[in-house]
Structure formats: structure tokens, C-alpha cells
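Student: Could you take a close look at one part of this model for me, and then connect it with the rest of the chain? I would like the reasoning spelled out wherever there is some.

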Amino acid sequence: MTKYTKEMFVRDGFDKYITNEWDIVTSASIFKEEFKSDEAEKEVILGYANALNCIADSLLKQNHSPVVIMTLRTNSLTIPFIFLARHTVELTLKYICKLLNIECKPIHGLITLWNKIIKRFNECNCIENDNFDDIKIFICALEELDCDGSHSRYAKDNKGNLYNDKPQFINVKNINNFIQDLFIELVNSIRVVKNK
């Protein structure tokens, strides 16, 4: 049996043993100091969005057979998908708050973050976006699935009550497309607004 060492799993810095079978944790770590922080935040958001896209593709392949009406799995990717969707949106909203100099204490309420962003937009009259109402509807739908970031991480709350005790269904394709098309685009457009 192989004797495992930490270096078989994690290595620090570049050396002759870093080959194409290794993956850098974050490419922002090799950026110049003045770019490192902002790029690291964006890289985490984009990484989660990429993972969400990959899980959406896998989930659609696993659960949507052309022969069967509905596939029920005990190891479905639905809960991890919801977690990644919600977390991607939360990180995106917090990043936008940072870009707009909005103070946001460590909160997990998506609609609270979105309302702060909309308030700032209205104060500075700096951006018009026909998608704002759609974004609010989407955020409310995500909060119905997981209002605090715990419902997609655990089966039960601290009192032992099941989080998902009634059947509920999601449209993976629509959720993924909304995040990929609107939230990731919003991150890029806010940067332009701030730099004006």
C-alpha cells in the first residue's frame, strides 16, 4: 500500500514536480499585488459559476432521460446545485457591494444585499437595467429554496427539523442560464459604472 504524504496532495510554489497533473488553486496568487485582491474575488465568483455550469450539465444528463418522465435519485446533484447557485449569487452581490462602496456586514440574506445595491443605483442614478425586476424575482425564488445558506448545506436545522420536508422542484437550466447570463454580466458592467 502507498504511504501518503502531504506533498502528494498539496504543494507550495512552483518546482520540478509541478506537472500537468497539478492545478493551481488560484491564478490570482501570481498576479501583481495591486491586482491580486480584486482578481481573487472575481476568480472565486467565476469558479463557482463554472462549477455551477458543470453540475447543471451533469444533473441534466443524469435526471432527464428521454425514456423516463422523471428520475428520482438519492444521490442527485440537485442540492449541491442549489448550494452553488445561491453561493455564486451571494458572492456576486457582495462583490458588487464592494465595487459600489456599500457596507455589507457578514450577512447571508440575498434580498437584503440586492436592496442595498438597488438603493445605491437609485441614489447615484448611475445605471439603468431592465433586468432589475427579473433579478429581484430570481433572488426571491432562490431565497425560497434556501433563505440563509443552510438549507442546501444540511438536511436539518439545529433543532432537528428537516429543511426540505415537502416536494419542491427546480428548473436547473433556467437557474443556471439566469446566473450565467445576468449575474456574471452584472459583475462586469458594475465595474464600468464605478470607474466613470
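Tutor: Happy to! Let's start with Val10, which is partly exposed, its relative accessible area being 43%. That label applies because 43% falls between the two cut-offs, under 20% for buried and over 50% for exposed. Please keep in mind that this is a predicted model, with every value here computed from it.

Where does Val10 sit? Val10 belongs to the segment that precedes α1, the helix of residues 33-63. It also has company at the surface: together with Met1, Tyr4, Met8 and Phe9, Val10 makes a nonpolar patch of about 650 Å².

For a contrast, turn to Glu90, which lies in helix α2, residues 78-99. Is this residue buried or exposed? Glu90 has a relative accessibility of 5%, so it counts as buried, given that the cut-off for buried is under 20%. Leaving aside residues up to four places away in sequence, Glu90 touches Ile107, His108, Leu110 and Leu113.

Helix α4 lets us look at burial along a whole element. It has 14 residues, 132-145, and at 1.5 Å a residue it should span 20 Å; the C-alpha atoms at its ends are 20 Å apart, so the two values agree. Which residues of α4 are buried? They are Phe132, Ile135, Phe138, Ile139, Leu142, Glu143 and Leu145. These buried residues cover an arc of only 150 degrees around the axis, and therefore they lie on the same side of α4. Asp133, Ile137 and Glu144, on the other side of the helix, are exposed. Notice the neighbours Glu143 and Glu144: Glu143 is buried, whereas Glu144 is exposed.

Now let's step back to the whole chain. The protein has five helices and zero strands, which gives the order α-α-α-α-α from the N terminus on. Its C-alpha atoms fill a box of roughly 65 × 50 × 40 Å along the principal axes. Of the 196 residues, 30% are buried, with Glu90 being one of the buried ones. Among contacts with a separation of 6 or more, 59% join residues 24 or more positions apart. Finally, the surface: the protein exposes about 13,400 Å², and carbon and sulfur atoms supply 53% of that area. The patch that includes Val10 is a nonpolar part of the surface, which brings us back to where we began.

Key:
Residues numbered from 1 in each chain as written. Predicted model: local features only at pLDDT ≥ 70, side-chain atom pairs only at ≥ 80, totals over all residues. Heavy atoms only, no water. Patch = residues over 30% accessible without salt bridge, like charges linked within 9 Å, V, L, I, M, F, W, Y side chains within 5 Å. Areas by Shrake-Rupley, 256 points an atom, 1.4 Å probe, with all protein chains shown as cover. Salt bridge = Lys/Arg side-chain N within 4 Å of Asp/Glu carboxyl O. Helix = DSSP H or I, 4+ residues; strand = E, 2+ residues; numbered from the N terminus. Buried < 20%, exposed > 50% of the residue type's maximum accessible area, 1.4 Å probe, protein only. Contact = heavy atoms within 4.5 Å. Expected span 1.5 Å × (residues − 1). Arc of directions from axis to C-beta.
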